[in-house]
Structure formats: C-alpha cells, structure tokens
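Please work through the following exercises with the sequence and the model at hand. Each task is followed by a solution in steps.

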Amino acid sequence: MSKLDKDSKIAVIGSGSMGSGIAQVAATAGHDVCLFDNNAEALDKASQKLIKILDRQVEKGRMTEKEANGIFARIEFCNQLEDLAGADLMIEAIIEDLEVKRNLFSHLELIADETTILATNTSSLSIANIAASCNKPGRVLGIHFFNPAPLMPLVEIIPAVQTSGDALVEARNLIDSWGKVTVIAKDTPGFIVNRVARPFYGEALRILEEGIADVPTIDWAMKEIGGFKMGPFELMDYIGNDINYVVTETVFKEFFYDPRYKPSFTQKRMTEAGWLGRKAGRGYYDYAKGAENPEPTKDEKLGVEIFNRILAMLINEATDALYLNISSREGIDLAMTKGVNYPKGLLKWADEIGIDKILGELNTLQDLYGEDRYRPSVLLKKISLNQGSFYPEKVMEN
Ligand code: NAI
C-alpha cells in the first residue's frame, strides 16, 4: 500500500461541486493534484470557478497572491484518464451511479500503480460493491467529504469489508493532515450523517403534512428554540429538494423499507413540480426578487412541541447508529456538529436533556400514532433501565 504523505500525488476524478472542492483542499495542503473529468466543459468550469474562489480569498486577506497562485499551479486539469498514472491516492467524485462508478474503478485499476489507494466520495452507495469491481478490493475505501469540501471540516472514512487495515490507516492519516476532522463509519446506508440527519427533514415534513404548523413556523422553532443555524425547509431548499429526496429514497430502499426512513409525498411533489429550492428560484420559499414569504407564528408552546418532537427523533436515530456500531459515540457527535453544523452532538444533548425525557417523548409518539416509525432504539431503553447516560464519565466529573 502507498505510504501517503505530503509529497503524495493525488488524483481526483469528476470536477463537479465535490471533485473541484476536494482538488482545492488537496492542493492547499501542498499536494500535486490531477483533476480529471470526461466532460471538457465541466473541467473548464471547474478551473474558472477555482480562479474566482482563490481571487476572493486573496481579496479577503485570507491568503497571499503567491499562495493562491501556488495552489492553482499545483492542480493539473486532465482530460485523459491515463494522465492520472503515478498517483498515490485516487479519489472518485463522479455521478452517483453504481454501474458507472464500478466501471470507472475497474479502469482506474489498469492505470494505477500496484500500491495506489482508491477512494470513492459516494454519499449513498455501498463501498463493498464498488470495491468488488476491482481485482485488489483491499485498496478501496470510502472518503466522504461534505459540501462545500473546502469549508466543511468533516470527512467520513468508510472501510468496506474488503478494505485492508493499511489502506484505512494511510488514508485517514492523510486526510487528518489536511486539517479535516475524520470519523470512521461503517459501510451502511447513509454512513453517519446522511442517516442520522433523516428525521430533521422527515419529521419536519410530517409535522407540516399533519397541519400542526406551517413551513416558516417549523423553521423558526428549530432555529430560535433549537439553536440550529438553518430550519429544515430552508436547508432542504438549499440542498435541493431533488437531491434531498433521492438521498431519503435511497436510504429507505437500502434499509429494506424500514418505515423510519419513509420518504414524504410532499417532498416528492415539490421535486416533480420543479420546485427544487434556491437553485430553481422556488422551493418551500419563493426566492424571486421582492417575493414576500409568510411570517412564522411565534407561539412558544407550539415551537417547543415541534422542537422536542424533531430532536427526540434525531436522538433516537443517533442512538440506533451507536447501538449498531456505525461509529463511536464521539464519532457520531462529531459527525453532526462538523458535517452539518448541529449546535450540539446529539448524544451529548440527550444526556443534557435526560434519557428518560427523550424516551418518554418517543413512547408518547408511538402510542399516539401506533407506527413503527416512532419505535425507540433498544439502546435508549437499556440506558434508561440502568439509569445511565451516553457519557457516564462526564457525570462523574461534575
Ligand atoms: P456533480 O454533478 O457536480 O459532478 C459530477 C462530475 O462528474 C461532472 O463534472 C461530470 O462531468 C463528471 N463525470 C460523470 N461521469 C464521469 C465519468 N465516468 N468519468 C469522469 N467524470 C465523470 O456531482 P457532485 O455533487 O460533485 O457529486 C459527486 C459525487 O460526490 C457523487 O457520488 C455524490 O453522491 C457525492 N457527494 C455529493 C455531495 C453534494 O452535496 N453534492 C456531498 C458528498 C458527496
């Protein structure tokens, strides 16, 4: 396996939003980078975008012109897959399509050195399946950045069942050296963040569908009472309702149709209507110039009810992820604060609020609705029975 260090050559395949961001991160860390795309226009766009981003950094005094020029000079924009030969690490960030990715990986192996490590930035596909397209699957793993890659600190590192211990350690150490916060996640649908965050959207949509509150009120409750930077509907509009819907649908299917992840008709219709959010000028909110959006109903009691319900569902999901060893408790908490800017780690938050209170909220919902969607995690029940907490040593310290 390649020993990865600051002199390692990095190849990035796919120059879209993620690939161009990853190339920028690697070049900023001092690596020579080869950024490849099979679409010349996309490659050109990536190069123009990078010049703009670096210019802005210089304008804002965040780096010198010399540094910006150095970063740009270290990135080679490549239009032949063969140009990637000699790379120590290849990171794939092409379209989210299993067969296209498998096909690419089998080609990459023909170009790669014996020791090159191959990584995928997939958000939702099985790393084991992608690795299985290679003759040497032990060198394949998931390295999952968050959007925008240069700004978001979190990177999920996902070993497949086939991944060798060496490849995992080398890749993780390298990404750590880029100043990122890495957490190891099990190769399961949505890894950590895209699984644990599902109720932030799903439960907000359910509350809307039931007519308990409207869009601005739910967003207001999560921001004002919960301390989240963005409300669920603002965030869905930002991510794109099409993208958010596909992730939900994929997670639902991959979990063998567990009702906890059931997608929402409301979101499906928004996508079908082309109300994709900010990028379309219309989503849950109207982004047209001068458009007036409805004001929230700032009812404290209603706000607390909304926040408690969504938070209990998020904590339940985080607990189940811990129960099923998707990551460590610290990994799960770090993932949500560093990958999606949550104000607190969910397990730490559960300790603060009290496990019994969270369990009580879920039991009430399950009794009322009689739906499996609200079933409390076994681990939550166990901790409650033992009158424990997620971070018992913290209680001892106090
Ligand atoms: P994008 O659509 O912006 O870019 C994809 C790029 O790949 C395009 O430039 C396209 O020309 C190129 N491409 C497609 N097929 C190719 C092939 N066979 N060979 C070479 N280049 C090819 O997509 P985006 O958003 O950058 O996503 C890329 C990957 O990263 C996907 O797997 C996605 O699930 C994942 N991801 C996306 C995040 C996001 O928020 N957009 C966050 C984290 C992961």
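The exercises below treat the domains, the sheet, the cores and selected residues in turn.

The model is a predicted one, in which local features need pLDDT of at least 70 and side-chain atom pairs count only at pLDDT 80 or more, while totals for chains, interfaces and linings use all residues. Residues are numbered from 1 along each chain as its sequence is written, and side-chain values use heavy atoms, with hydrogens and water left out.

**Exercise 1. Domains**

Task: State how the chain is divided, and describe the contact between domain 1 and domain 2.

Solution. Step 1: the division gives domain 1 (10–187) and domain 2 (194–398), with bounds that come from an automatic or database domain assignment. Step 2: the C-alpha centres of domain 1 and domain 2 are 30 Å apart. Step 3: contact, meaning heavy atoms within 4.5 Å, involves 12 residues of domain 1 and 13 residues of domain 2. Step 4: about 1000 Å² is buried between domain 1 and domain 2, and carbon and sulfur atoms give 63% of that area. Buried area here is the accessible area (1.4 Å probe) that two parts lose on being put together, summed over both.

**Exercise 2. The sheet**

Task: Determine the strand order of the open sheet of eight strands and examine its two ends.

Solution. Step 1: the order is E3-E2-E1-E4-E5-E6-E7-E8, and the pairing is mixed. Strands (E, at least two residues) and helices (H or I, at least four) are DSSP runs numbered from the N terminus; two strands pair if DSSP finds at least two bridges between them. Step 2: strand E3 (75–78) and strand E8 (181–184) are the edge strands, each pairing on one side only. Step 3: from one strand to the next, the twist averages 25 degrees.

Step 4: strand E1 (residues 10–13) is parallel to E2, with four bridges, and Ile10 has Val33 in E2 as its bridge partner. Step 5: strand E7 (residues 154–159) is likewise paired with E8 in the parallel sense over four bridges, where Leu154 stands opposite Val181 of E8. Step 6: helix H14 (residues 329–339) lies across E7 and E8 and runs at about 140 degrees to E8. Axes are lines fitted to C-alpha atoms, for helices over the stretch in contact, and angles run from 0 to 180 degrees between N-to-C directions.

Task: Which residues of strand E2 (residues 33–36) cover its two faces?

Solution. Val33 and Leu35 are buried on one side, and Cys34 and Phe36 are buried on the other. Buried means under 20% relative accessible area, exposed over 50%, and partly exposed in between (1.4 Å probe, protein chains only). In a regular strand the side chains alternate between the two faces of the sheet.

**Exercise 3. Nonpolar cores**

Task: Identify the residues that touch the most other members of the largest nonpolar core, and state where this core draws its residues.

Solution. Step 1: a nonpolar core is a set of buried Ala, Val, Leu, Ile, Met, Phe, Trp, Tyr and Cys residues joined through side-chain atoms within 4.5 Å. Step 2: the largest core has 63 residues, of which Phe200, Phe233, Ile310, Leu346 and Phe390 touch the most other members. Step 3: helix H13 (residues 300–323) supplies the largest share of this core, 12 residues, and at least three residues come from each of domain 1 and domain 2. Step 4: a second, separate core of 36 residues includes Ala93, Val155, Leu174 and Ile175.

Task: List the buried residues of helix H10 (residues 232–239) and what covers them.

Solution. Pro232, Phe233, Leu235, Met236 and Asp237 are the buried residues of H10. Their cover includes helix H8 (198–209), helix H9 (215–225), helix H11 (241–254) and helix H12 (265–273). After H10 comes Gly240, with a positive phi near 105 degrees.

**Exercise 4. Selected loop residues**

Task: Is Gly14 buried or exposed?

Solution. Step 1: Gly14 lies in the loop between E1 and helix H1 (17–28). Step 2: Gly14 counts as buried because its relative accessibility is 4%. Step 3: beyond residues up to four places away in sequence, Gly14 touches Gly19, Ser20, Leu35, Phe36, Asp37, Ala93 and Ile94.

Task: Locate the cis peptide bond at Pro148, and give the phi values of Tyr257 and Asn341.

Solution. Step 1: the cis bond joins Asn147 and Pro148, with omega about -5 degrees; Pro148 is in the loop between strand E6 (140–145) and E7. Step 2: Tyr257, in the loop between H11 and H12, has a positive phi near 65 degrees. Step 3: Asn341 has a positive phi near 60 degrees and counts as partly exposed, at 35% relative accessibility. Most residues other than glycine have a negative phi, and most peptide bonds are trans.
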